[in-house]
Amino acid sequence: MDQIAEGLGLRHEALKEGLGGEKSEYVLRINNFPPNPQPDATLGLPEHTDIVALALIVTNEVPGLQVFHEDHWFDVQYVPSSITVTVGDQILRLSNGKYKNVLHRVTVDKEKQRMSWPVFVDANPDVVIRPLPELITGDNPSMFKPIVCKDFKYRRLFKLPVD
Ligand SMILES: O=C(O)CCC(=O)C(=O)O
Ligand SMILES: [Fe+2]
């Protein structure tokens, strides 16, 4: 988080503070993708962006994560002992669009079981998610309206429009 803040030319703590500081949350999800005899006809997870700030993803040795970039789906290589970091919707909004949320999906393997353990870095539910004031200038007006985190997540989960 500190490095991303630095990449935006901000104080190290700026992003973490924008997520609620010590009250930001870390949630571990365990995904199990059983083998599937028809891998081309099925997805483990359909395309989505994560409604959180960041995902830190650890997987077993079976590849499957794909990210969308410039009109193509790219396989994310499995690298032993590595953590894949993806940017979610909250960082998109806090960074006023400078860091893009990653559209991704998960494919299934014909023979092997895939497992993944993403840790989601999430804002405190009561924090107002808004572009950091340091990033708003005359040339860079705010691209997103402020919204309370729990309302944002509710609207995203139920596919309601969000400004
Ligand atoms: O399994 C993966 O590599 C990613 C999982 C994922 O995108 C998710 O749980 O939101
Ligand atoms: Fe995801």
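This passage looks at an annotated domain, an iron site and a pocket in a predicted model. Local features need pLDDT of at least 70 and side-chain atom pairs pLDDT 80 or more, while totals for chains, interfaces and linings use all residues. Residues are numbered from 1 along each chain, ligands are numbered from 1 in the order in which they are written, and side-chain values use heavy atoms, without hydrogens or water.

A good place to start is the unreviewed UniProt entry, which annotates residues 23-123 as "domain: Fe2OG dioxygenase"; such annotations may be inferred rather than shown by experiment. This span is 6% helix and 45% strand, and its end C-alpha atoms lie 8 Å apart (helices of at least four residues and strands of at least two are DSSP runs).

The iron ion (ligand 2) has as its protein donors His48 (NE2), Asp50 (OD) and His104 (NE2), at 2.1 to 2.3 Å (donors are N, O and S atoms within 2.8 Å of the metal, or 3.2 Å for Na, K and Ca). Along the chain, the donors follow the spacing H-x1-D-x53-H. Asp50, in the loop between strands S3 (43-48) and S4 (54-59), and His104, in strand S8 (residues 104-107), are 54 residues apart. Asp50 is buried, with a relative accessible area of 8%, and His104 is buried at 4% (buried means under 20%, with a 1.4 Å probe and protein chains only).

Turning to the lining of the largest pocket, strand S3 gives the most, with 4 residues. Strand S9 (114-122) and helix H4 (149-157) each supply at least two.

How values were computed
Buried means under 20% relative accessible area, exposed over 50%, partly exposed in between (1.4 Å probe, protein chains only).
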